[in-house]
Amino acid sequence: MLRKKKCVVTNSFDDTASYESSLDLNNLKKRMKQPSRIKKLDLDKVEMNFSCAWEECDYESSHINDYFYHVSGHVDYLWTEEWQSNKDKWFTCLWNSCTFQSHCEVKSTTHVNFHAYHTRLKCIGLAVLTLCEIPGCKLNGEGTNILPDLPNEFECNWENCNERFECMQYYSYHVAEHFQISEFEKYNFNCPWRDCTLQFTARYRLVDHIKSHTQEKSCACPNCGIMFATHTKLKDHCRQSNKDKSNQCSLCKKTFSCERLLKQHVRLHINYYKCHLCDASFSRASQLSTHIRYRHIGIKPFKCKLCDSKFVRKLDFNNHLKKHTAGPLFKCSKDDCDFSCRSEYAMRKHINMEHYDNTEELYKYYCHLCDDLFLRGSFLTKHLEMEHNFHKPSGLKRFRYIEDDDGYYKLQMSRYECLDIQEQKKIKLVKTKQVIVKKNIQTISNGKQTLNFNVEILKGASDEDDDEDD
């Protein structure tokens with residue numbers, strides 16, 4: 001028996017082709033045959049030139065290992081006796097438009113080597129966009145060389161291995177060697193990473209999962225520098241930045257560059273997962289899991305030794321530790337600007353606010369009661385609570401904002417739930433694979449085409465064994 005809920009999306013139908021990359025740098029995945037309609041990318045035949053962006057350095061090379069060796073030479077002086085004897089001296093990265101500073105020679109070396117890795121990812125991203133004939137990213141490119149906050153060293157936590165690396169690329173090579181020499185049982189691939197107990201039925205799924213531990217990426221946007229785990233995500237990023245208005249969701253007015261992204265988005269409007277401890281409901285199993293850990297379970301296993309703070313996740317704990325480190329990590333590279341901060345997010349925000357011409361475009365959150373504009377959704381949330389006496393939805397800690405026709409984000413006044421959600425007495429969730437979205441194209445009187453998505457939910461479907469949302 002099927003329960004149906006219909007969502008209507010109006011657009012001028014455009015059958016945008018979707019492509020999937022066949023590149024696998026480590027030759028680890030056993031790929032299945034792809035349909036002939038999918039265009040395969042042979043990036044091995046694309047000649048890439050890697051340019052060093054260090055101050056007053058014009059080195060270029062088409063050989064990646066030579067390029068990494070060259071870039072690592074820019075920080076050799078950090079290991080001299082003169083540097084080691086002067087612990088108060090700060091290292092300033094001279095990579096073009098980079099704002100990084102540190103007094104730790106190990107962290108500084110890792111940072112500079114990551115610039116070489118990041119350059120390689122951007123070259124791969126440029127090749128992917130060129131071969132697929134996709135327009136480049138239109139976002140602000142001022143922060144293209146601002147890197148995320150990195151660990152001092154990359155540590156391999158493969159069982160019985162404690163190797164450490166200052167270069168992300170060599171770290172990736174090392175983990176790939178583990179795969180080549182390790183043996184796994186058929187249809188039973190246990191994650192060998194320390195303190196991880198996940199299991200997979202296919203080798204390629206384990207390969208993708210290990211990248212969540214190593215933070216290895218496949219490509220990066222050549223314009224804004226954002227890194228992506230797959231080529232598909234890069235292509236979606238560039239299409240979205242070009243603001244193609246041909247695929248629009250009728251429920252929230254958000255636009256998408258292709259039908260596939262719109263179809264995925266429609267699913268997120270319906271909450272299939274009900275919390276049995278409160279009235280909260282969610283569109284993804286991972287959101288429900290996070291909600292229960294934060295809102296209903298009082299266990300915080302990660303305790304800071306420098307203060308009394310405790311945290312639910314290790315990620316939150318690691319972010320907290322940055323507050324106890326002396327000195328800034330990022331400094332604005334613009335002339336006559338002394339701004340410095342400790343996070344990549346704060347630096348990108350500073351560049352957008354202080355060095356971006358159209359600053360007013362950043363204020364996108366609109367109060368529907370008094371017409372005030374805000375930079376972030378959290379600012380609008382505080383405004384609604386303090387000025388208009390609004391209360392958050394039951395079981396949730398924040399409001400949700402959706403983009404309106406005028407381009408501003410406004411408070412969402414309704415929530416969509418599947419028909420069976422009120423009958424759920426326990427955490428017996430709807431499996432994503434059991435949610436069927438069928439496409440139906442209709443032509444109305446004026447010749448305009450309407451794209452309808454019928455969302456069908458198989459009754460009794462369980463998500464107990466589904467790990468795709470993790």
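Student: Which residues have the most contacts inside the largest nonpolar core?

Tutor: In this predicted model, local features need pLDDT of at least 70 and side-chain atom pairs count only at pLDDT 80 or more, while totals for chains, interfaces and linings use all residues. Residues are numbered from 1 along each chain as its sequence is written, and side-chain values use heavy atoms, without hydrogens and water. A nonpolar core is a set of buried Ala, Val, Leu, Ile, Met, Phe, Trp, Tyr and Cys residues joined through side-chain atoms within 4.5 Å, where buried means under 20% relative accessible area (1.4 Å probe, protein chains only). The largest such core has 60 residues, and those with the most contacts inside it are Phe91 and Trp193.

Student: Which element gives the largest share of this core?

Tutor: Helices (H or I, at least four residues) and strands (E, at least two) are DSSP runs, numbered from the N terminus. Elements giving two or more residues to the core include helix 1 (64-72), helix 3 (105-131) and strand 10 (219-220). The largest share is 10 residues, from helix 3.

Student: What is the volume of the second largest cavity?

Tutor: On a 1 Å grid over the protein atoms alone, a cavity is a set of points where a 1.4 Å probe fits but cannot get out; lining residues have an atom within 4 Å of a point. The search finds three cavities of 30 Å³ or more. The second largest is lined by Phe100, Lys107, His111, Pro148, Asp149, Leu150 and Phe330. Its volume, the space filled by probe spheres set on the points, is about 40 Å³.

Note on methods. Buried < 20%, exposed > 50% of the residue type's maximum accessible area, 1.4 Å probe, protein only. 1 Å grid on protein atoms, 1.4 Å probe; cavity = no way out; pocket = protein on both sides within 12 Å on 5 of 7 lines; lining within 4 Å.
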